[in-house]
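Let's take a friendly walk through a protein model, looking at a helix, some enclosed spaces and a few unusual backbone spots. Have the sequence and the 3D view ready.

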Amino acid sequence: MNKRGLKVAIMVASVLTLLGNWIRYAGTVTTGGRFGVVMFGQIIIGFAQPFVLAAPTRYSDTWFTAEERVTATAIASLANPFGGALGQLIGPLWATNAVGIPNMVLYTAILSSVASLPSFFIPAAPPTPASASSDQPKLELRKSFGALSTSVSFYLVLLPFSIYVGFFNATSSLLNQILEPHGFSETDAGISGGLLIIVGLVAAAIVSPIVDRTKRYLLGIKLLVPLIAICYLVFIWIPQTRTVVAPYLVCALLGAFSFPLLPLALEYLVEITHPISPDVTSSIAWASGQLLAGVFVLVMGALKKSDGDMRNALIFQAALALIAIPPPLCLGLWGRTNNVGRK
């Protein structure tokens with residue numbers, strides 16, 4: 001993306017998505033099924049994701065004005081978890097038993113193909129720059145990494161972003177294991193996960209345009225980070241309540257605070273590191289968050305008690321979430337603040 005541009009990166013992601021889905025389908029329809037072929041297709045699909053995860057901030061910087069970027073980044077970034085949520089809801093309806101799995105994979109491959117094809121026809125850039133910063137040259141990669149290594153503000157945003165993305169993914173992945181030992185059903189966990197995403201999307205749709213108009217990045221980050229940490233703290237006692245209202249409420253609040261922070265933090269990173277290319281900071285932030293997500297899933301699984309109780313895992317989660325509060329609260333004390341160079 002940094003060398004060849006946004007369109008080439010999205011085209012690469014589309015090709016990998018097409019290949020991966022149809023290879024995965026081939027593995028399911030082979031007589032007896034071929035797990036290795038299915039996993040190979042899944043890995044190829046996984047290779048496609050980094051090319052698009054880093055794209056939203058670069059795309060909004062190229063195509064949108066300063067009054068539209070947070071909203072554009074929010075829509076593009078949150079399309080990823082929204083698609084994942086749809087997959088979790090629709091997939092089981094297509095495959096109610098093992099016999100239906102090949103058809104489920106086929107339908108997924110067809111939809112993925114339809115979604116991938118437009119990338120070959122979209123323009124690489126608008127006819128005229130959307131804003132002054134869109135037309136400004138960006139630092140090359142080596143200079144970008146050198147500049148980021150000395151940027152305190154960058155690390156103050158990167159730390160909570162990575163931790164909260166990691167815990168959000170870990171919590172949504174382990175939600176059933178967290179709730180089930182305390183009498184909650186899979187349906188209860190599914191509804192909790194659905195509220196986590198749906199309420200989060202609604203909140204992001206409300207907050208993003210407001211931040212676009214006001215440019216209050218710092219205020220938004222400093223408000224949302226403590227609220228997210230409090231949700232993880234309260235979550236320690238949620239399974240013991242044994243009432244569905246508690247996980248529904250906390251998951252809804254966690255989504256409402258977490259989703260708006262995502263585009264806000266990504267855009268703020270672009271603002272405070274300009275003229276570094278947006279895809280550089282987004283790539284580092286997403287890679288850190290995804291890496292921590294894998295680590296947190298393993299650690300939280302290891303902290304599970306023999307009877308399945310995950311209270312120790314929730315305490316670990318809350319402790320790190322609280323530790324992540326002070327860094328963003330220090331933002332604005334030095335370096336760049338809201339008055340940045342990108343217009």
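Helix H11 has 29 residues, and from its first C-alpha to its last it reaches 42 Å, close to the 42 Å expected at 1.5 Å a residue. Keep in mind as you look that this is a predicted model. Where does H11 bend? The bend, of about 25 degrees, is at Leu261, and a proline, Pro263, follows within four residues. H11 is also mostly covered, as 25 of its 29 residues are buried.

**Enclosed spaces**

Leu261 turns up again when we look for cavities, because it is one of the residues that line the largest cavity. How many cavities of 30 Å³ or more does the model have? The count comes to 2. The table sets them side by side.

| Cavity | Space | Residues in the lining, by class |
|---|---|---|
| Largest cavity | About 50 Å³ | 8 nonpolar, no polar, no charged |
| Second largest cavity | About 30 Å³ | 5 nonpolar, 2 polar, 2 charged |

Around the largest cavity you can find Val157, Pro160, Phe161, Ile221, Val225, Leu261, Ala265 and Pro328. Three helices give two or more residues each to this lining: H7 (152–179), H9 (217–235) and H11 (245–273). Which of the elements gives the most to the lining? It is H7, with 3 residues.

The second largest cavity has a lining made of Ile178, His182, Ile236, Pro239, Gln240, Asp309, Met310, Arg311 and Leu314. Here helix H10 (238–241) and helix H13 (311–323) each supply at least two residues.

Ile178 also makes a handy starting point for a short trip to Ile191. The two are 13 residues apart in sequence and 14 Å apart in space, C-alpha to C-alpha. Ile191 lies in helix H8 (residues 186–214) and is partly exposed, with a relative accessible area of 38%.

**Cysteines without a bond**

A disulfide is a covalent bond between the sulfur atoms of two cysteines. How many does a search of the whole structure find? The search finds 0 disulfides. Cys231 is in none, and the nearest cysteine sulfur, that of Cys251, is 9.3 Å away. Cys251 is likewise in no disulfide, with the sulfur of Cys231 as its nearest, at 9.3 Å. To count as a disulfide, a pair of cysteine sulfur atoms has to be within 2.5 Å, so the 9.3 Å between these two does not qualify.

Are these cysteines buried or exposed? Cys231 is buried, with a relative accessible area of 7%, and Cys251 counts as buried at 1%. Both count this way because buried means under 20% relative accessible area.

**Unusual backbone spots**

Most residues other than glycine have a negative phi, and most peptide bonds are trans. With that in mind, three places in this model deserve a look.

Start with the peptide bond from His274 to Pro275, which is cis, with omega near 15 degrees. Pro275 is found in the loop between H11 and helix H12 (278–302).

Next comes Lys215, which is not a glycine and yet has a positive phi of about 60 degrees. Lys215 sits in the loop between H8 and H9, and it is partly exposed, with a relative accessible area of 22%.

Finally, look at Arg242, another residue other than glycine with a positive phi, this time near 55 degrees. Its place is the loop between H10 and H11. Is Arg242 buried or exposed? At 56% relative accessibility, Arg242 counts as exposed, because the cut-off for exposed is over 50%.

Conventions. Residues are numbered from 1 along each chain as its sequence is written. This is a predicted model: local features need pLDDT of at least 70, side-chain atom pairs count only at pLDDT 80 or more; totals for chains, interfaces and linings use all residues. Side-chain values use heavy atoms; hydrogens and water are left out. On a 1 Å grid over the protein atoms alone, a cavity is a set of points where a 1.4 Å probe fits but cannot get out, and a pocket is an open set with protein on both sides within 12 Å along at least five of seven lines; lining residues have an atom within 4 Å of a point. Grid points are joined across faces, edges and corners, and a volume is the space filled by probe spheres set on the points. Ala, Val, Leu, Ile, Met, Phe, Trp, Tyr, Cys and Pro count as nonpolar, Asp, Glu, Lys and Arg as charged, and the others, Gly among them, as polar. Buried means under 20% relative accessible area, exposed over 50%, partly exposed in between (1.4 Å probe, protein chains only). The expected span of a helix is 1.5 Å times one less than its number of residues. The bend at a residue is the angle between axes fitted to the seven residues ending there and the seven starting there.
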